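User: Please take a close look at one part of this chain, the disulfide, and then work outward to what surrounds it. I would like one connected account.

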Amino acid sequence: MNNKINRSHLLVIVAVFCLIISGCLGGGNMGDLPKSDLPDCETLYGTTGHWTNCQGDMTTTGGDQYVGEFKDNMRSGHGTYTKSNGDQYVGEFKDNMRSGHGTYTFLSGDQYVGEYKNNMENGQGTLTYSNGDQYVGEWKDHFFHGQGTYTYSNGDQDEGMWKKGKFVG
């Protein structure tokens with residue numbers, strides 16, 4: 001039996017360890033939001049009032065649901081946004097947009113864990129596909145961009161620089 005760990009296996013081990021620590025694979029329950037100290041929006045302002053510095057839940061006419069914190073009548077702070085198609089984002093919001101750290105889980109089973117800015121993946125993040133492929137690295141405006149490693153389910157890797165979603169070496 002070979003006791004050596006190749007580089008791709010080490011990367012997968014490190015990525016899984018990071019996910020466990022962040023709570024995505026059994027290290028915690030990402031569906032549970034941190035306990036907010038903010039008061040209930042409906043109690044303070046009613047169902048049609050201007051919600052600010054409070055926590056509450058709302059459902060859109062399209063069936064999307066948000067449960068979390070509000071500021072100036074917008075999603076702001078920690079929350080969970082569940083789309084009617086089953087996709088779900090758990091994380092930070094600012095001015096109704098994903099902003100800060102969060103986890104987006106697609107109905108397909110694909111999952112992104114990382115940083116957001118202006119509703120798009122920006123900064124460091126990990127996208128794990130349901131087929132076992134995974135990208136770990138830098139993002140800009142929803143694209144792999146900067147230093148990163150794409151590991152295919154068969155263990156092959158593209159490691160290096162990415163530009164607007166394309167591997168450039």
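Analyst: Cys41 and Cys54 form a disulfide in this predicted model, with 2.0 Å between their sulfur atoms. A search of the whole structure finds one disulfide. The link of Cys41 and Cys54 is right-handed, with 95° about the S-S bond. The pair joins distant parts of the chain, since Cys41 belongs to helix α2 and Cys54 to strand β1, 13 residues apart. Cys41 and Cys54 are both buried.

Between the two elements that carry these cysteines runs a loop. Thr52 is found in this loop, which connects α2 (41-45) to β1 (54-59). Thr52 counts as buried because its relative accessible area is 16%, and the cut-off for buried is under 20%. Apart from its neighbours within four places in sequence, Thr52 is in contact with Tyr45, Phe70, Lys71 and Asp72.

Phe70 comes up again from the side of the disulfide, as the bridge partner of Cys54 in β2. Strands β1 and β2 run antiparallel and are joined by six bridges. Five residues lie between the strands of this hairpin, and Gly63 takes a positive phi near 100° there.

Asp72, another contact of Thr52, takes a positive phi near 55° in the hairpin of β2 and β3, which has two residues between the strands. Strand β3 (residues 74-82) runs antiparallel to β2, and six bridges join them. Gln65 stands opposite Thr82 in β3.

These strands belong to a wider sheet. It is an open sheet of eleven strands with antiparallel pairing, in the order β1-β2-β3-β4-β5-β6-β7-β8-β9-β10-β11. The strand that holds Cys54, β1, stands at one edge, and β11 (166-167) is also an edge strand; each has a single partner strand, so one side of each is left without a neighbour in the sheet. Further along the order, strand β5 (residues 97-105) pairs with β6 in the antiparallel sense over six bridges. One position in that pairing is Tyr104, whose bridge partner in β6 is Tyr112.

Phe70 also leads from the disulfide region into the nonpolar core. The largest core has 17 residues, and Phe70, Tyr135, Trp139 and Phe144 touch the most other members. Two or more residues of this core come from each of β2 (65-71), β4 (88-94), β6 (111-117), β8 (134-140) and β9 (143-151).

Phe144 is buried, because its relative accessible area is 11% and falls under the 20% cut-off. Beyond its neighbours within four places in sequence, Phe144 is in contact with Leu127, Tyr129, Tyr135, Glu138, Trp139, Tyr150, Trp162, Lys163, Lys164 and Gly165. Among these contacts, Tyr135 and Trp139 are two of the core residues that touch the most other members.

Aromatic rings pair up in many places, and the structure holds 18 aromatic pairs. One of them is Tyr89 with Tyr116, an edge-to-face pair with 5.1 Å centre to centre and 85° between the planes. Tyr89 sits in strand β4 and Tyr116 in strand β6, so the pair ties together parts that are 27 residues apart in sequence. Both rings belong to buried residues. A second pair is Phe144 with Tyr150, which is tilted, with 6.1 Å centre to centre and 50° between the planes. Tyr150 is buried too, with a relative accessible area of 10%.

As for the chain around all this, there are two helices and eleven strands. Along the sequence they follow the pattern α-α-β-β-β-β-β-β-β-β-β-β-β. The chain has 169 residues, of which buried residues make up 32%. Among contacts in the chain with a separation of 6 or more, 9% involve residues 24 or more positions apart.

A word on confidence belongs here. The average pLDDT of the chain is 84, and 79% of the residues score at least 70. Over residues 1-33 the pLDDT is below 50, and this stretch has 32 contacts in the model beyond near neighbours in sequence.

Key: Residues numbered from 1 in each chain as written. Predicted model: local features only at pLDDT ≥ 70, side-chain atom pairs only at ≥ 80, totals over all residues. Heavy atoms only, no water. Core = buried A, V, L, I, M, F, W, Y, C linked by side-chain atoms within 4.5 Å. Buried < 20%, exposed > 50% of the residue type's maximum accessible area, 1.4 Å probe, protein only. Helix = DSSP H or I, 4+ residues; strand = E, 2+ residues; numbered from the N terminus. Contact = heavy atoms within 4.5 Å. Disulfide = S-S within 2.5 Å. Pairing = 2+ DSSP bridges. pLDDT = per-residue confidence, 0-100. Phe/Tyr/Trp six-rings, centres within 6.5 Å; stacked < 30°, edge-to-face > 60°.
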